[in-house]
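Trainee: I would like to go through this model with you, pockets and packing included. Where should we begin?

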Amino acid sequence: MSYKNLSATQLLAIKTLGELKNAGYQAKSIKQELRDNLIQKIKNKEKVFDGIWGYEDTVIPDIERAILSQHHINLLGLRGQAKTRIARLMVNLLDEYVPVVEGSELNDDPLQPLSRFVKDVIAEKGDATPISWLHRDDRYTEKLATPDVSVADLIGDADPIKAATLKLPYSDERVIHFGLIPRSHRGIFVINELPDLQARIQVSLFNILQEGDIQIRGFKLRLPLDIQFVFTANPEDYTNRGSIVTPLKDRIDSQIVTHYPKTLEIGKRITLQEANIKPEQEQLVTTNALVEDLIEQIAFEARQSEYVDAKSGVSARMTISAYENLISAAERRALLNGEEKTYIRVADLVGVIPAVCGKVELVYEGEVEGPVIVAQNLVGKAIRAQFLNFFPDPEKIKKLAKDKAGKNPYKPIIDWFMDGNMIDIFNDSSDADYSSRLRTIDGLDELVEKIYPTFEGREKLFMMEFVLHGLSEFSMISKKTLDQGLQFKDLTDSLFDLDNFKFEDEE
């Protein structure tokens, strides 16, 4: 049986260099290892980057081409685009176990020793050299680039304590304490946010990437390190903390640009996969596809908003946090009312405001408006966009009404408000109170019944409330934010509402 066909149990039973040679082991570089395993997965039609959505035709093919080319990789993109997740999943392309000389600091390959220590051990013990096995999960190292990272952290430094303990002069290379990069020999090394690394530290990577040697305080060591480097970075025109120095960028073989989800469906899949929803929340709160679409639509609106800094981006973490807050808002309401089951409401979107405020960077105009106002406007725009997918376009109906060419299906509802009626939808109202308030509005139940005759119960109530929010976004009725919820009333009444009236300075 050849070495590559040995099971994990059979591999772990090999304890010496002699046994390893007899098994037919041959040294292989990590880039060759990644390449071989990727080829096998592609042939077997296996998914390489499980849980990564929206990159099937763009980013993932580029990454696979880079791996096949045995390239160092830089993933360039705005925050929340799964760059680190992709780097971590590359571990799955490594062999499950690789042999190392027992006691080695640098994960030395028994057939290609690197360190002075291992060379001395093999010279002394020969085929009796003890072997241990390194799992693929232990061959991944990740470092977040921060301004305080030093050359000693990454490369290494002379260790006076080691020199004193071993009674060695400083001229002996054995006094070196190696940093993270040499200790990642035969592994994947990831540097997140590469532009944040100081330029002088980036320079220290030149020789490692190209020539394969390192220099530590006068020691010039020829260490042909075998490392797959993966870097992540935000676009240089966004980060104000630094940039990738040109010679380093030149040494990174493939730069792959990531992007945000291009469709709501992809965004929903990511959000539902990553959101931390507890089992008890799933049992208590019933959701629907529309409210999931609304959450994703908020992100799409934010990425197009004039108040949000487009160079900063809107992370996928925003929709994840927003969805978690939405479920928690419904859960809290049910707990306050002692209800064992509840259905999601449009009013529960009040819970997503903190998630939006904390995840978007505003331009000057947005700061003037204030993060809460901007977040509320984004929610409103999301409702407006989705409303057209479920109900007739109020704008077109207005035009038809002017031409007397069509009937306005919203007229009974608008007339009810024009008669001086108003309705308050409180954030924490019980299901019974919520239902009774919505059913007092003339024409609302009939409209939903006509368009969605199969909807019943709470699902129907959700659509009834959605109509109110949609009409307010198209300026057919007014919506006012209260401390405890929302108030809907006639649009003309709101024009004379001093609480909503704003005085603007004349230019």
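Trainee: Which element gives the largest share of the lining of the second largest pocket?

Mentor: Keep in mind that this is a predicted model. The elements that supply two or more residues to this lining are helix 1 (8-12), strand 2 (97-101) and helix 3. The largest share is 5 residues, and it comes from helix 3.

Trainee: How many residues line the second largest pocket, and which lie nearest its centre?

Mentor: The volume of this pocket is about 790 Å³. Its lining divides by class into 11 nonpolar, 8 polar and 10 charged residues. The lining has 29 residues, and nearest the centre lie Tyr 3, Lys 4, Lys 28, Asn 37 and Asp 95.

Trainee: Helix 3 also packs on helix 4; are the two parallel, perpendicular or oblique to each other?

Mentor: Helix 3 (residues 30-43) and helix 4 (residues 59-68) have axes 8 Å apart and an angle of about 130° between them. Angles of 65 to 115 degrees count as roughly perpendicular and those over 145 as roughly antiparallel. The angle falls in neither class, and helix 3 and helix 4 are therefore oblique.

Trainee: How many residues of the contact of helix 3 with helix 4 are nonpolar, and how many are charged?

Mentor: Helix 3 brings Leu 34, Arg 35, Leu 38, Ile 39 and Ile 42, while helix 4 brings Glu 64, Ile 67 and Leu 68. No polar residue takes part. The division is 6 nonpolar and 2 charged.

Trainee: Which strands stand at the edges of the sheet with the order 4-7-10-1-11?

Mentor: This is an open sheet of 5 strands with parallel pairing. An edge strand has a single partner, so one of its sides is left without a neighbour in the sheet. That applies to strand 4 (140-144) and strand 11 (254-257).

Trainee: Which residue stands opposite Asn 74 in strand 11?

Mentor: Strand 1 (residues 73-76) pairs with strand 11 in the parallel sense, over 4 bridges. Opposite Asn 74 in strand 11 stands Gln 255.

Trainee: What angle does the direction of helix 4 make with that of strand 11?

Mentor: Two helices can be placed against these strands. Helix 3 lies across strand 7 (187-192) and strand 10 (227-233), running at about 80° to strand 10. Helix 4 packs on the sheet and touches strand 1 and strand 11; its direction makes with that of strand 11 an angle of about 170°.

Trainee: Which helix gives the most to the lining of the largest cavity?

Mentor: The structure holds 1 cavity of 30 Å³ or more, and the volume of the largest cavity is about 50 Å³. Among the residues that line it are Gly 267, Thr 271, Glu 296 and Phe 300. Helix 13, helix 15 and helix 16 (316-336) each supply at least two residues. The most, 4 residues, come from helix 15.

Trainee: How do helix 13 and helix 15 stand to each other, roughly perpendicular or roughly parallel?

Mentor: Helix 13 (residues 264-274) and helix 15 (residues 289-304) have axes 9 Å apart and pack at about 105°. The contact includes Gly 267 and Thr 271 of helix 13 and Glu 296 and Phe 300 of helix 15. By class it has 4 nonpolar, 3 polar and 5 charged residues. The angle makes helix 13 and helix 15 roughly perpendicular.

Trainee: At roughly what angle do the axes of helix 19 and helix 24 cross?

Mentor: Residues of helix 19 including Ile 383, Arg 384 and Phe 387 meet residues of helix 24 including Phe 466, Val 467 and His 469. This contact has 4 nonpolar, 4 polar and 3 charged residues. The axes of helix 19 (residues 371-387) and helix 24 (residues 457-473) come within 9 Å and cross at roughly 105°.

Trainee: Which residue is the bridge partner of Lys 480 in strand 16?

Mentor: The sheet concerned is open, with 3 strands in the order 14-16-15 and antiparallel pairing. Strand 15 and strand 16 (residues 485-489) pair over 4 bridges. The partner of Lys 480 in strand 16 is Gln 487.

Notes. Residues numbered from 1 in each chain as written. Predicted model: local features only at pLDDT ≥ 70, side-chain atom pairs only at ≥ 80, totals over all residues. Heavy atoms only, no water. Pairing = 2+ DSSP bridges. Axes fitted to C-alpha atoms, helices over the stretch in contact; angles between N-to-C directions. Parallel < 35°, antiparallel > 145°, perpendicular 65-115°, else oblique. Contact = heavy atoms within 4.5 Å. Nonpolar A, V, L, I, M, F, W, Y, C, P; charged D, E, K, R; others polar. 1 Å grid on protein atoms, 1.4 Å probe; cavity = no way out; pocket = protein on both sides within 12 Å on 5 of 7 lines; lining within 4 Å. Points joined across faces, edges and corners; volume = space filled by probe spheres on them.
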